[in-house]
Amino acid sequence: MNSTIIHTLPTNSRKAPAKPSTDDFRQPAYDCQEHADAMKLVVYVPGVDASGVEIEGRGADLTVTAKKARFVRVNFTALHLEGVQRDYRLRLRLGTAFDYAAMGAEIAHGVLTVTLPKRAAQIDRLRRVPRAA
C-alpha cells in the first residue's frame with residue numbers, strides 16, 4: 001500500500017511587510033550647538049532635497065530620516081554602489097526640555113538645519129542665578 005504525504009507550502013501573505021533594517025541607513029555627520037533659548041542641530045545629508053526629509057520628535061527622542069532622490073545615470077558606475085545609495089537616519093536622545101512642536105527646519109545644498117526651542121520652564125530655570133552670600 002502506497003501513501004502520499006503532501007506538505008503545504010508556507011505563504012507570504014500572512015507575514016507582516018518587512019521593515020527597513022538599520023543596515024539600509026547610515027548615520028550622517030552632525031553638529032549640535034546649544035544656545036540660551038534653543039538648540040541648533042546641523043545635519044550633513046548630501047544628495048537629499050526637502051521632499052526627502054522626515055523629522056519626528058517622540059518623547060525624549062528626535063529622529064531625522066533623509067532619503068535621497070533615486071535616479072540612474074546611464075554612464076555611471078561606482079565601486080560599492082550599495083553604500084553610496086543608502087539613505088540617512090539620525091537618532092538622538094535629547095530629553096524633554098525641548099518643544100518639538102515648535103521646531104523649525106531648513107535645507108540648502110545638503111545641509112539640514114533644525115532649530116529646537118527650549119520649553120519656557122527650562123529657559124526660566126537657566127535664567128535664575130543664585131545669589132552669592
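Buried means under 20% relative accessible area. The model discussed here is predicted.

Q: How many helices and strands does the chain have?
A: Follow the elements from the N terminus. They run β-β-β-β-β-α-β-β-β-α. The chain therefore counts, by DSSP runs, as two helices and eight strands.

Q: Is strand β5 largely enclosed or open?
A: Strand β5 covers residues 61-66. Five of its six residues are buried. So the rest of the structure leaves β5 largely enclosed.

Q: Which strand pairs with β5 over six bridges and spans residues 53-58?
A: The pairing is in the antiparallel sense. One bridge links E54 to T65 in β5. The two strands form a hairpin with two residues between them, and G59 takes a positive phi near 65° there. The partner of β5 is strand β4.

Q: How many bridges join β5 to β6?
A: These strands run antiparallel. L62 has L92 in β6 as its bridge partner. The number of bridges joining β5 to β6 is six.

Q: Is Y88 buried or exposed?
A: Y88 sits in strand β6, residues 87-93. Its relative accessible area is 5%. The cut-off for burial is under 20%. Because of that low value, Y88 counts as buried.

Q: Which backbone oxygen does the side chain of Y88 reach at 3.5 Å?
A: Leave aside the neighbours of Y88 within four places in sequence. Its contacts then include F25, V45, P46 and V64. One of these, P46, is 42 residues away from Y88 in sequence, with 9.6 Å from C-alpha to C-alpha. The side chain of Y88 reaches the backbone oxygen of P46.

Q: Where is H109 found, and is it buried or exposed?
A: H109 lies in the loop between β7 (104-108) and β8 (111-117). Its phi is near 55°, a positive value in a residue other than glycine. Its relative accessibility is 85%. The cut-off for exposure is over 50%, so H109 counts as exposed.

Q: What share of the contacts between residues at least 6 apart in sequence joins residues at least 24 apart?
A: Contacts in the chain can link residues at many separations. Y88 and P46, for example, are 42 residues apart in sequence, and they are in contact. For the chain, the share joining residues at least 24 apart is 56%.

Q: What percentage of the residues in the chain is buried?
A: The chain has 133 residues. It exposes about 10,600 Å², with carbon and sulfur atoms supplying 53% of that area. Buried residues make up 23%.

Key
Residues numbered from 1 in each chain as written. Predicted model: local features only at pLDDT ≥ 70, side-chain atom pairs only at ≥ 80, totals over all residues. Heavy atoms only, no water. Helix = DSSP H or I, 4+ residues; strand = E, 2+ residues; numbered from the N terminus. Buried < 20%, exposed > 50% of the residue type's maximum accessible area, 1.4 Å probe, protein only. Contact = heavy atoms within 4.5 Å. Areas by Shrake-Rupley, 256 points an atom, 1.4 Å probe, with all protein chains shown as cover. Polar contact = N/O pair within 3.5 Å; in protein donor to acceptor, adjacent residues only side chain to side chain. Pairing = 2+ DSSP bridges.
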